[in-house]
Amino acid sequence: MEDRLQVGIISSTHGVKGEVKVFPTTDDVSRFKGLKEVLLDTGKDILTLEIEGVKFFKQFAILKFKNYDNINDIERYKGKGLYVTRSNAVKLKKDEYFVADLIGMSVIDEEEKEIGTMTDYMETGANDVYTITMKDGRELLLPAIKQCILDVDIEHKRMRVHILEGLL
């Protein structure tokens, strides 16, 4: 399991006083209001940044970090990911999972036959869709609904599924 979970990506600076525009990679952009700190992956180091202020603009969060008071301090972090530790992650409800825990999971059918590996997911209007890369190289787009996703075993990294007629 991942120790850190991505909540956003710094897309650009915002103004000249050290604020950044963050594209959220979390389901709920308002979750930034409850965060006290985030981890910034610079590519070389992991920096802990204390959040001093949060605003919202369209689908973006505008964050101000403590001790980053001008554009020159923060501009070099454009395109970098922001993460939280699992202890700061949102609490999941029953049958909810972090995508980071699902990617790479072995996918089996009802008869325990291996189908492939979960490699990606997509958000759609009605429900999420899981991309399963099958053993023969084809991709299966599987809706993340109870009729298809029968069991998810995070500990053993296995997902048991039912493939609806017409999906293959």
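This is a guided tour of a predicted model, taken selection by selection.

**The barrel**

Begin by selecting strands β1 to β6 and following them in the order β1-β2-β5-β4-β3-β6, along which they make a closed barrel of 6 strands with antiparallel pairing. From one strand to the next, the twist in this barrel averages 50°. For a view of one pairing within it, keep strand β4, residues 46-57, together with β5: these two are antiparallel and are joined over 6 bridges. Show the side chains of I51 and F65 as well, since F65 in β5 is the bridge partner of I51.

**Two aromatic pairs**

Next, display the aromatic rings, among which the structure holds 2 pairs. In the pair formed by F23 and F60, the ring centres are 6.2 Å apart and the planes stand at 65°; planes over 60 degrees apart count as edge-to-face, so this pair is edge-to-face. Colouring by position along the chain will show that the pair links distant parts of it, with F23 in strand β2 (residues 19-24) and F60 in strand β5 (residues 60-65), 37 residues apart. How do the two partners compare in exposure, buried or partly exposed? F23 has a relative accessible area of 39% and is therefore partly exposed, whereas F60, with a relative accessible area of 16%, is buried.

Move now to Y68 and Y77, whose ring centres are 6.4 Å apart and whose planes are at 70°, so that this pair too is edge-to-face. Y68 is buried, with a relative accessible area of 16%, and Y77 also counts as buried, at 8% relative accessibility.

**The open sheet**

Hide the barrel and select strands β7 to β12, which form an open sheet of 6 strands in the order β10-β9-β8-β7-β12-β11, with mixed pairing. At its edges lie β10, residues 139-143, and β11, residues 149-153, each of which pairs on one side only. The twist here averages 35° from one strand to the next.

Within this sheet, first select residues 114-123 and 128-134, strands β8 and β9, which run antiparallel and are joined by 7 bridges. One point to label is G116, whose bridge partner in β9 is M134.

Then select β7, residues 106-108, with β12: here the pairing is parallel, over 3 bridges, and I108 stands opposite R160 of β12. On its other side, β12 is joined to β11 by 4 bridges, and these two strands run antiparallel; I149 has V161 in β12 as its bridge partner. The strands β11 and β12 form a hairpin with 4 residues between them, and K157 in the turn is worth labelling for its positive phi of about 50°.

Stay on β12, residues 158-161, and show its side chains: which residues make up the covered face and which the uncovered one? M159 and V161 belong to the covered face, while R158 and R160 belong to the uncovered one.

Finally in this sheet, select L141, which is placed in strand β10. L141 is partly exposed, with a relative accessible area of 43%. A distance drawn from the C-alpha atom of L141 to that of A126 should read 14 Å, the two residues being 15 residues apart along the chain.

**The pockets**

Bring the whole model back and turn to the largest pocket, which has a volume of about 1100 Å³. Its lining comprises 33 residues, and the ones to select for centring the view are D27, L92, Y97, F98 and V99, which lie nearest the centre of the pocket. Which elements contribute at least two residues to this lining? They are β1 (4-14), β6 (81-85), α2 (99-102), β8, β9 and β11. Coloured by class, the lining residues of the largest pocket divide into 19 nonpolar, 3 polar and 11 charged.

The last stop is the second largest pocket, with a volume of about 180 Å³. To display its lining, select D109, E110, E111, K113, E114, I115, M134, K135, I163 and L168. By class, this lining has 4 nonpolar and 6 charged residues, and no polar ones. With M134 still selected, recall that this lining residue is also the bridge partner of G116 in the open sheet.

How values were computed: Residues are numbered from 1 along each chain as its sequence is written. This is a predicted model: local features need pLDDT of at least 70, side-chain atom pairs count only at pLDDT 80 or more; totals for chains, interfaces and linings use all residues. Side-chain values use heavy atoms; hydrogens and water are left out. Two strands pair if DSSP finds at least two bridges between them. Axes are lines fitted to C-alpha atoms, for helices over the stretch in contact, and angles run from 0 to 180 degrees between N-to-C directions. On a 1 Å grid over the protein atoms alone, a cavity is a set of points where a 1.4 Å probe fits but cannot get out, and a pocket is an open set with protein on both sides within 12 Å along at least five of seven lines; lining residues have an atom within 4 Å of a point. Grid points are joined across faces, edges and corners, and a volume is the space filled by probe spheres set on the points. Ala, Val, Leu, Ile, Met, Phe, Trp, Tyr, Cys and Pro count as nonpolar, Asp, Glu, Lys and Arg as charged, and the others, Gly among them, as polar. Rings of Phe, Tyr and Trp (its six-membered ring) pair if their centres lie within 6.5 Å; planes under 30 degrees apart count as stacked, over 60 as edge-to-face and the rest as tilted. Buried means under 20% relative accessible area, exposed over 50%, partly exposed in between (1.4 Å probe, protein chains only).
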